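Here are some short exercises on reading a protein structure, each with a worked solution. Try each task yourself before you read on.

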Amino acid sequence: MEMIRYAHTNIVSTDWKRLTDFYIKTFKCRLVPPIRKQSGKWLEKGTGLKDAQLEGAHLLLPGHGENGPTLEIYQYKTIGNQKAILPNIRGFGHIAFEVGDVQQVLEDVVKHGGQSFGEITKKKVDGMGEITFVYARDPEGNLIELQHWNLTTP
């Protein structure tokens, strides 16, 4: 069978250094060198963008070891703008982090330049346990879910 392994999720940023700093401070992500500075015909062909030029970094996401998936934060030389999405808009909606204390991490999100979006909510889920969760936004408006499960033991 052909090998398939999840590799990374990309966020296009207007300030990749600021957004990278937010994810490092808030979610304990780690920078994976080198800093990427890419351009050329190969990038134009692969992205389908004329004169594609970007700079950014990969961040190792917590909880999956040294070879786990990364969050790739890139800033293109030319960036198209969009409105901040709502949770129910078609397409990629949010990234989620399992955390020990939803309230504390939400406070960290705000402290590091993000913002609260929803209200912290608890819900018992039959056969699973209880989830505590809330949505927030990073400094550029991307949605993040903070969640904590108290799992039911069989």
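**Exercise 1. Val32 and its surroundings**

Task: Decide whether Val32 counts as buried, partly exposed or exposed, then describe its surroundings in this predicted model.

Solution:
- Step 1. Begin with the relative accessibility of Val32, which is 27%. Buried would need under 20%, and exposed would need over 50%. Val32 therefore counts as partly exposed.
- Step 2. Find its element: Val32 belongs to strand β2.
- Step 3. List its contacts, skipping neighbours within four places in sequence. Val32 then touches His58, Leu59, Leu60 and Thr70.
- Step 4. Try a residue elsewhere in the chain. Glu119 is 87 residues from Val32 in sequence, and their C-alpha atoms are 33 Å apart in space.

**Exercise 2. The sheet that holds β2**

Task: Work out the strand order of the open sheet of four strands, and explain why one side of β1 and of β2 lacks a neighbour in the sheet.

Solution:
- Step 1. Write down the order, which is β1-β4-β3-β2, with mixed pairing.
- Step 2. Look at the ends of that order. β1 (8–12) and β2 (30–39) are at the edges and have a single partner strand each, so one side of each has no neighbour in the sheet.
- Step 3. Add the twist: from one strand to the next, it averages 20 degrees.
- Step 4. Recall how such a sheet is held together. Strands of a sheet pair through backbone hydrogen bonds, in either a parallel or an antiparallel way.

**Exercise 3. Strand β4 and its partners**

Task: For β4, find the sense of its pairing with β1 and with β3, then say why β4 is described as largely enclosed.

Solution:
- Step 1. Take β1 first. It pairs with β4 (residues 70–76) in the parallel sense, over five bridges.
- Step 2. Name bridge partners in β4. His8 is matched with Thr70, and Val12 is matched with Tyr74.
- Step 3. Turn to β3 (residues 53–60). Its pairing with β4 is antiparallel and runs over seven bridges. Here, Leu60 has Thr70 as its bridge partner.
- Step 4. Check burial. Six of the seven residues of β4 are buried, so the rest of the structure largely encloses this strand.

**Exercise 4. Two faces of β5**

Task: Sort the side chains of β5 by the face they point to, and find the strand that pairs with β5.

Solution:
- Step 1. Start from the general rule: side chains in a regular strand alternate between the two faces of the sheet.
- Step 2. Apply this to β5 (residues 95–98). Ile95 and Phe97 point to one face and are buried, whereas Ala96 and Glu98 point to the other and are not buried.
- Step 3. Look for the partner. β5 pairs with β9 (residues 143–151) in the parallel sense, over four bridges. Within this pairing, Ala96 stands opposite Glu145 of β9.

**Exercise 5. Backbone angles worth a second look**

Task: Identify the residues joined by a cis peptide bond, then locate Lys28 and Asp51 and classify their exposure.

Solution:
- Step 1. The cis peptide bond links Pro33 and Pro34, with omega about 0 degrees. Pro34 is part of strand β2.
- Step 2. Lys28 has a positive phi, near 60 degrees, though it is not glycine. Its place is the loop between α1 (16–27) and β2. With 62% relative accessibility, Lys28 counts as exposed.
- Step 3. Asp51 is not a glycine, yet its phi is positive too, at about 55 degrees. It sits in the loop between α2 (41–47) and β3. Its relative accessibility is 42%, which means that Asp51 counts as partly exposed.

**Exercise 6. Stepping back to the whole chain**

Task: Summarise the elements, extent, burial and charges of the protein chain.

Solution:
- Step 1. Count the elements: there are three helices and nine strands. In sequence order they read β-α-β-α-β-β-β-α-β-β-β-β.
- Step 2. Note the extent. The C-alpha trace spans about 55 × 40 × 30 Å along its principal axes.
- Step 3. Consider burial and surface. Of the 154 residues, 35% are buried. The exposed area is about 10400 Å², with carbon and sulfur atoms supplying 54% of it.
- Step 4. Finish with charge. The chain carries 19 positive and 18 negative side chains, and the centres of these two sets are 6 Å apart.

Key. Residues are numbered from 1 along each chain as its sequence is written. This is a predicted model: local features need pLDDT of at least 70, side-chain atom pairs count only at pLDDT 80 or more; totals for chains, interfaces and linings use all residues. Side-chain values use heavy atoms; hydrogens and water are left out. Buried means under 20% relative accessible area, exposed over 50%, partly exposed in between (1.4 Å probe, protein chains only). Accessible areas come from the Shrake-Rupley method with a 1.4 Å probe; for residues, only the protein chains shown count as cover. Lys and Arg count as positive and Asp and Glu as negative; His and the chain ends are not counted. The place of a charge is taken as NZ of Lys, CZ of Arg, CG of Asp or CD of Glu. Two strands pair if DSSP finds at least two bridges between them. Axes are lines fitted to C-alpha atoms, for helices over the stretch in contact, and angles run from 0 to 180 degrees between N-to-C directions. Contact means heavy atoms within 4.5 Å.
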